Amino acid sequence: MDVKNGRTKTFSGGMKRRLSVAISCIGDPKILFMDEPTTGMDPVSRRQVWDLIQKMKSKRYVILTTHAMEEADVLGDRIAVIVDGEFKCIGTPLYLKNNFGDGYRITLVTNPDNVDRAMELMDKIVPTAKLLDESGGSIVY
């Protein structure tokens, strides 16, 4: 899509977000504030914007809000979790994962006849995994 001379009102939501990120870089600011910079973007565009923000962090402070923990993990040197306007915790991504993380969630979907076999395999492959739910061929660890 050639957008060089296009009107922004015709842009998609993701394209408008990318434009906002680009505009925020004009003038080489020392501090950038970004509110959910990649919301509504496709995965490829999101990754490109994350790479750009990572590069921009080397020369300036970047403060951003996001609901996406993956985005916070990739971009954040320090992450603050705010609930109802109050700081609940703050720290590096590793600190928060180690102290407040719930680990990974694995969901297996199989024919109900194969549930026992699938659970045996999980016990063998990941003996420390905790079974959270099993019903109708869906197994959650």
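**A walk through the predicted fold**

Let me begin with the part of the chain where S1, H2 and S2 together make a right-handed β-α-β unit. Please keep in mind throughout that what we are looking at is a predicted model.

Within that unit, S1 and strand S2, which covers residues 61-65, pair in the parallel sense, and five bridges hold that pairing in the assignment. If you want to find the register on the screen, take Leu32, whose bridge partner in S2 is Val62, and then Phe33, whose bridge partner in S2 is Ile63. The side chains along S1 alternate, with Leu32 and Met34 pointing to one face and buried, while Ile31, Phe33 and Asp35 point to the other face and are not buried.

Moving on from S1, we come to the loop between S1 and H2, and this is where Glu36 is placed. Glu36 has a phi near 45°, which is a positive value in a residue other than glycine. Is Glu36 buried or exposed? With a relative accessible area of 16%, Glu36 falls under the 20% limit and therefore counts as buried.

Let me now step back towards the N terminus, to helix H1. Helix H1 takes in residues 13-24, twelve residues in total, and it reaches 17 Å from its first C-alpha to its last, which is close to the 16 Å expected at 1.5 Å a residue. The buried residues of H1 are Gly14, Met15 and Val21. They cover an arc of only 120° around the axis, and that puts them on the same side of H1. As for what lies over them, the cover of the buried residues of H1 includes strand S1, residues 31-35, and helix H2, residues 43-56, and these are two of the elements that make up the β-α-β unit I opened with.

Next, the hairpin. S3 and S4 form a hairpin with two residues between them, and the two strands run antiparallel, joined by five bridges. One of the paired positions is Val83, whose bridge partner in S4 is Glu86. Asp84 lies in the loop between strand S3, residues 79-83, and strand S4, residues 86-91, and although Asp84 is not a glycine, it has a positive phi of about 50°. Here the surroundings can be set beside those of Glu36: Glu36 is buried at 16% relative accessible area, whereas Asp84 is exposed at 78%.

Just ahead of the hairpin, in the loop between helix H3, residues 69-75, and S3, we find Arg78. At 68% relative accessibility Arg78 counts as exposed. Which residues does Arg78 contact, once its neighbours within four places in sequence are left aside? The answer is Gly91 and Thr92. Arg78 and Ile63 are 15 residues apart in sequence, and their C-alpha atoms are 9.9 Å apart in space.

The last region I would like to show is the open sheet of three strands, which has the order S5-S7-S6 and antiparallel pairing. Strand S5, residues 107-109, and strand S6, residues 133-135, stand at the edges, each with a single partner strand, so one side of each is left without a neighbour in the sheet. Neighbouring strands of this sheet are turned by 10° against each other on average, with direction ignored. Between S6 and strand S7, residues 138-140, there are three bridges, and these two strands run antiparallel; within that pairing, Glu134 stands opposite Ile139 in S7.

Across this sheet lies helix H5, residues 115-125, which crosses S5, S6 and S7 and runs at about 25° to S7. Which residues of H5 are buried? They are Val115, Ala118, Met119 and Met122. Seen down the axis of H5, these buried residues fall within an arc of 100°, so they line one face of the helix. The general background is that an α-helix has 3.6 residues a turn, so residues three or four places apart point the same way. What covers the buried residues of H5 includes S5, S6 and S7, while on the other side of H5, Asp116 and Lys124 are exposed.

To close, I would leave you with two pictures from this predicted model: the parallel pairing of S1 with S2, and helix H5 lying across S5, S6 and S7.

Notes. Residues are numbered from 1 along each chain as its sequence is written. This is a predicted model: local features need pLDDT of at least 70, side-chain atom pairs count only at pLDDT 80 or more; totals for chains, interfaces and linings use all residues. Side-chain values use heavy atoms; hydrogens and water are left out. Helices (H or I, at least four residues) and strands (E, at least two) are DSSP runs, numbered from the N terminus. The expected span of a helix is 1.5 Å times one less than its number of residues. Buried means under 20% relative accessible area, exposed over 50%, partly exposed in between (1.4 Å probe, protein chains only). The arc is that of the directions from the helix axis to the C-beta atoms. Contact means heavy atoms within 4.5 Å. Two strands pair if DSSP finds at least two bridges between them. Axes are lines fitted to C-alpha atoms, for helices over the stretch in contact, and angles run from 0 to 180 degrees between N-to-C directions. A crossover is right-handed if, with the strands pointing away from the viewer, the path from the first strand over the helix to the second runs clockwise.
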